[in-house]
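Reader: I am new to this structure and would like to learn how to read it, one feature at a time. Could we begin with what is meant by a contact, and go on from there?

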Amino acid sequence: MRNIIFLGPPGSGKGTHAEKISRAMGLPRLSTGDMLRENIRNGTPLGIEAQGYMDAGELVPDTVVIAMIRKRVLEPDCANGVIFDGFPRTIAQAEALKEIAPVDAVVNMTLADAQVVQRMSGRRVCPACGNTSHTDWMRDSICALCGAEMTQRKDDAPETVLERLRVYHAQTKPLIDHYAAQNLLHSIDSGGPVTETEARVRGALLT
Ligand code: AP5
């Protein structure tokens, strides 16, 4: 059993590096952001409730997110462990997670606020396969993996990014001390190239 959390501000590379570790360890990546966006796309009651919060850059209520995770981890692919991407995000979620799954390690991705804004403004996502890239690396707007047209997430608009950062500092950052006190925290500087960050994450988790 191996349960690993990826924690960090918006755009710090949680999704990018959680996905790489998910492949390396053969464990599913549970991104609460992706799960909520899928509910919005499918027009479920959960998606309808979540959309206003997400568009405004606020957190979706703890009860909604905790219930969603509690249900998901019961599925058979989670039996050997899970890579949590963007969950928990509040102390209340961390307390609930204790009852759901034991946490083995927490990767805290660190990135300065100015770099968060730069990365978010250039991020493009593929609506077909979920691939994420950045305009700095893209020759055109086509997904390098599946050929679909890459798009910009609605909550990557500059004013929403600033609100997401404010929410991160107020509600999620306290989790750093929470998990450090349990000796579970690995802080990784995510400010350099992806390959450098990837090597640091692998060094923390796979050696
Ligand atoms: P979510 O989708 O989780 O968004 P987030 O936490 O704001 O994180 P992002 O997905 O924006 O960024 P990331 O850290 O994954 O970075 P990425 O790898 O893409 O949540 C969205 C919303 O859902 C929340 O605002 C909230 O409303 C709701 N929600 C979700 N979970 C919730 C919860 N638990 N409780 C309540 N509400 C919840 O990388 C960013 C960009 O940087 C990419 O373009 C990437 O290519 C580029 N990049 C450049 N250099 C690097 C590098 N060195 N490493 C990695 N990426 C790099």
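Author: Contact here means that heavy atoms lie within 4.5 Å. Please keep in mind that this is a predicted model. With that cut-off, Thr-32, Met-35, Leu-36 and Asn-39 in H2 meet Val-65, Met-68, Ile-69 and Arg-72 in H4. The residues of this contact of H2 with H4 divide into five nonpolar, two polar and one charged.

Reader: How are the axes of H2 and H4 placed with respect to each other?

Author: Two packed helices are described by the angle between their axes and the distance between the axes. In this case the axes of H2 and H4 come within 11 Å and cross at roughly 100 degrees, which means that H2 is roughly perpendicular to H4.

Reader: Which residues of H4 are buried, and what covers them?

Author: The buried residues in H4 are Val-64, Val-65, Ile-66, Met-68, Ile-69 and Arg-72. The cover over the buried residues of H4 includes strand E2 (29–31), together with H2, H3, E3 and H5.

Reader: How many residues are in the largest nonpolar core, and which of them have the most contacts inside it?

Author: In soluble globular proteins, nonpolar side chains tend to be buried together. Here the largest nonpolar core has 30 residues, and those with the most contacts inside it are Ile-5, Leu-30, Ile-69, Phe-84, Leu-97 and Tyr-179. Two or more residues are given to this core by each of strand E1 (2–7), helix H2 (32–41), helix H3 (45–56), helix H4 (62–72), strand E3 (81–85), helix H5 (91–100) and helix H8 (174–180). The largest share of this core, five residues, comes from H4. Apart from this core lies another one, of twelve residues, among them Phe-6, Ile-83, Met-109 and Leu-205.

Reader: If neighbours within four places in sequence are left aside, which residues is Ile-5 in contact with?

Author: With those neighbours left aside, the contacts of Ile-5 include Phe-84, Phe-87, Pro-88, Leu-97 and Tyr-179, and Val-103, Ala-105, Val-106 and Val-107 also touch Ile-5.

Reader: Pro-88 appears in that list; where is Pro-88 found, and is the peptide bond from Phe-87 to Pro-88 cis or trans?

Author: Most residues other than glycine have a negative phi, and most peptide bonds are trans. Pro-88 is found in the loop between E3 and H5, and the peptide bond that leads to Pro-88 from Phe-87 is cis, with omega near 0 degrees. As for phi, Asn-183 has a positive value of about 60 degrees although it is not a glycine. Asn-183 lies in the loop between H8 and strand E7 (185–189), and it counts as exposed because its relative accessibility is 72%, where the cut-off for exposed is over 50%.

Reader: Does Leu-162 count as buried or exposed?

Author: Leu-162, which is found in helix H7 (residues 158–172), has a relative accessibility of 53% and therefore counts as exposed.

Reader: Finally, how should I read the protein chain as a whole?

Author: The protein chain has nine helices and seven strands, and of its 207 residues, 45% count as buried. Because a compact globule with 207 residues would have a radius of gyration near 17 Å, the 16 Å of the protein chain agrees with that description. Among contacts with a separation of 6 or more, 70% are accounted for by residues 24 or more positions apart.

How values were computed: Residues are numbered from 1 along each chain as its sequence is written. This is a predicted model: local features need pLDDT of at least 70, side-chain atom pairs count only at pLDDT 80 or more; totals for chains, interfaces and linings use all residues. Side-chain values use heavy atoms; hydrogens and water are left out. A nonpolar core is a set of buried Ala, Val, Leu, Ile, Met, Phe, Trp, Tyr and Cys residues joined through side-chain atoms within 4.5 Å. Buried means under 20% relative accessible area, exposed over 50%, partly exposed in between (1.4 Å probe, protein chains only). Helices (H or I, at least four residues) and strands (E, at least two) are DSSP runs, numbered from the N terminus. Axes are lines fitted to C-alpha atoms, for helices over the stretch in contact, and angles run from 0 to 180 degrees between N-to-C directions. Angles under 35 degrees count as roughly parallel, over 145 as roughly antiparallel, 65 to 115 as roughly perpendicular and the rest as oblique. Ala, Val, Leu, Ile, Met, Phe, Trp, Tyr, Cys and Pro count as nonpolar, Asp, Glu, Lys and Arg as charged, and the others, Gly among them, as polar. The radius of gyration is taken over C-alpha atoms; the globule rule is 2.2 Å times the number of residues to the power 0.38.
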